[in-house]
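Got a minute to walk through a model with me? Have a look first, then we'll talk.

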Amino acid sequence: MKLADLDEQYARFPQIKREEMQKFVDWIHAQPHISPHFSEGEALHFFHACKYSMEMAKQVLDTNLTARTHLDDFFVNLDIESSQLKRAMKTVSIVPLPGATPEGYRVIVGKLEDLNASNFNYADVMKLYCMVFDYWMYEDGIQPGHVIVIDLKGCSLGHVARIGLLQMKKFLFYLQEAAAIRLIGFHFINIVPFMDKILALMNPFMKKELTSILYLHNDINEFFKFVPREMLPKDYGGPLEETKVSRDIYYSKMIDNRKQILEYETRHQVNEKLRPGKPKNASDLFGIAGNFKKLDID
């Protein structure tokens, strides 16, 4: 894993003052429950996602690291060689696309490869999804915005039946309140006749900010208005190599960097024994006592 060049990122976003970022990093390193190895480059994602609000960045960072410590389903034991993640890598393709939209937004696509619902484990797939996203952002640096694309081709009611309501709640909590990104669009393509059942799992946990950027596409040409055909794989009528090929390359990179990913996991967790005040647990993340100031999606 190679951390994105800091000087290049500051040059692209001159509105970020490095002396302000240094204050943020100094604050992070003064927190006894946060790893002293948490880097300026990693902190930059939070400062940028929170539109350069120091207080918001502090709160969202703490929410993020607390979630990653206690939401075991998605963020604990990030060993790419584990049997669960090996199965997930065979089940789905999760591919960050090269290039950007005309607005400068970066795009990531997720789709089923193994259509056998009995091989689909939602928690393991979402753990892999978060790992790919983290790896991508670590090397790609801060960007004007991100677009998530979920291709439902081959999805069956059997897949939907394997999605737990609590697991959906946990993932949407993380995406809306703790992820260090400016989320610009959440697109479903090749939507299925039972889309209402998928939305029934999501709707109770979606804030209006996420609902406002949720798009359902029956027509791929409508999707091209958001993500140009020119930056898409052949699977979607674009010129790039097929998703499955890109997936194999990306997953191989992650396997090669297994040790660094495990170090990343440790760096992005808190030590509750050292937290000033009352330690937090998983129930605090969803309960009244654990309410954090929320990160509004862009």
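Below, a visitor asks and a guide answers.

This is a predicted model, where local features need pLDDT of at least 70, side-chain atom pairs count only at pLDDT 80 or more, and totals for chains, interfaces and linings use all residues. Residues are numbered from 1 along each chain as its sequence is written, and side-chain values use heavy atoms, with hydrogens and water left out.

Visitor: What is the radius of gyration of the protein?
Guide: Take it over C-alpha atoms, and hold it against the globule rule, 2.2 Å times the number of residues to the power 0.38. For 298 residues the rule gives 19 Å, and the protein comes out close to that, so it is as compact as a globular protein of that length. The radius of gyration is 19 Å.

Visitor: What share of the 298 residues is buried?
Guide: Buried means under 20% relative accessible area, with a 1.4 Å probe and protein chains only. By that cut-off, the share in the protein is 56%.

Visitor: How are α7 and α13 oriented to each other?
Guide: Helices here are DSSP runs (H or I, at least four residues), numbered from the N terminus. Helix α7 (residues 122–140) and helix α13 (residues 243–256) pack at about 80°, their axes 11 Å apart. Angles of 65 to 115 degrees count as roughly perpendicular, so α7 and α13 are roughly perpendicular.

Visitor: Which residues of α13 make the contact?
Guide: Contact means heavy atoms within 4.5 Å. On the α7 side, the residues include Trp136 and Glu139. From α13 come Tyr250, Tyr251, Lys253 and Met254.

Key
Axes are lines fitted to C-alpha atoms, for helices over the stretch in contact, and angles run from 0 to 180 degrees between N-to-C directions. Helices (H or I, at least four residues) and strands (E, at least two) are DSSP runs, numbered from the N terminus. Angles under 35 degrees count as roughly parallel, over 145 as roughly antiparallel, 65 to 115 as roughly perpendicular and the rest as oblique. Buried means under 20% relative accessible area, exposed over 50%, partly exposed in between (1.4 Å probe, protein chains only).
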